[in-house]
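Good morning, colleagues. Please take a moment to look at the sequence and the structure on the screen before I begin.

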Amino acid sequence: QVQLVESGGGLVQAGGSLRLSCVASGRTPSNYGVGWFRQAPGQEREFVGMVNWSGDIRYAPSVKGRFTITRDNAKNTVYLQMTRLKPGDTAVYYCAVGQYVTEMARAYNYWGQGTQVTVSS
């Protein structure tokens, strides 16, 4: 079993920044990828970005250029640095782990509990 804990969410004004952390523990696969997703009220969960086991990173077009994913394997931690935040970025943000990760939520086996990000205008 893998446990994921996200942190770093909060309330920020438009144009501000936040950094989310996702710490993995337990029986993490030897090579695993991490994805970030978000879900706003009344909307479906959507892909934000991912880093696979070899370090390749992808972003959703809506966040590319504003969000940055970094990975610290020694700490089993992945970060989502969010800059130039917009009210439309308001959502619960989730990290997830899987072995062959893609932009699809079904590629992930384990999910964190989520952290709320609220961007005020």
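Which residues does Asp89 touch, not counting residues up to four places away in sequence? Before I reply, please note that this is a predicted model. The residues that Asp89 touches are Arg38, Arg66, Phe67, Arg84, Val117 and Val119.

Let me place this residue for you. Asp89 sits in the loop between β8, residues 77–82, and β9, residues 91–98. Its relative accessible area is 2%, and Asp89 is therefore classed as buried, the cut-off being under 20%. Two polar partners can be named. The side chain of Asp89 makes a polar contact of 2.9 Å with the side chain of Arg38. In addition, a polar atom of the Asp89 side chain lies 2.8 Å from the backbone nitrogen of Lys86.

I turn now to the sheet. Four strands form an open sheet in the order β1-β3-β8-β7, with antiparallel pairing. Its edge strands are β1 and β7, each of which pairs on one side only. From one strand to the next, the twist averages 15°. As general background, strands of a sheet pair through backbone hydrogen bonds, either parallel or antiparallel.

Two of these pairings deserve a closer look. Strand β1, residues 2–7, pairs with β3, residues 18–26, in the antiparallel sense over 6 bridges; here Val5 has Val23 of β3 as its bridge partner. β3 also pairs with β8, again antiparallel and over 6 bridges, and in that pairing Arg19 is matched with Gln81 of β8.

Which side chains of β1 are buried, and which are not? They alternate along the strand: Val2, Leu4 and Glu6 point to one face and are buried, whereas Gln3, Val5 and Ser7 point to the other face and are not.

Finally, the interior. In soluble globular proteins, nonpolar side chains tend to be buried together. The largest nonpolar core in this model has 34 residues, and the members touching the most others are Trp36, Phe67, Leu80, Met82 and Tyr93. At least two residues of this core come from each of β1, β3, β4 (33–39), β5 (46–51), β7 (67–72), β8, β9 and β11 (115–120). The most is given by β9, with 5 residues.

Tyr93 can serve as our last example. Leaving aside neighbours within four places in sequence, Tyr93 is in contact with residues including Glu6, Leu20, Phe67, Leu80, Met82 and Val117. Arg38, the polar partner of Asp89, is also among the contacts of Tyr93. Thank you for your attention.

Key:
Residues numbered from 1 in each chain as written. Predicted model: local features only at pLDDT ≥ 70, side-chain atom pairs only at ≥ 80, totals over all residues. Heavy atoms only, no water. Buried < 20%, exposed > 50% of the residue type's maximum accessible area, 1.4 Å probe, protein only. Polar contact = N/O pair within 3.5 Å; in protein donor to acceptor, adjacent residues only side chain to side chain. Contact = heavy atoms within 4.5 Å. Pairing = 2+ DSSP bridges. Core = buried A, V, L, I, M, F, W, Y, C linked by side-chain atoms within 4.5 Å. Axes fitted to C-alpha atoms, helices over the stretch in contact; angles between N-to-C directions.
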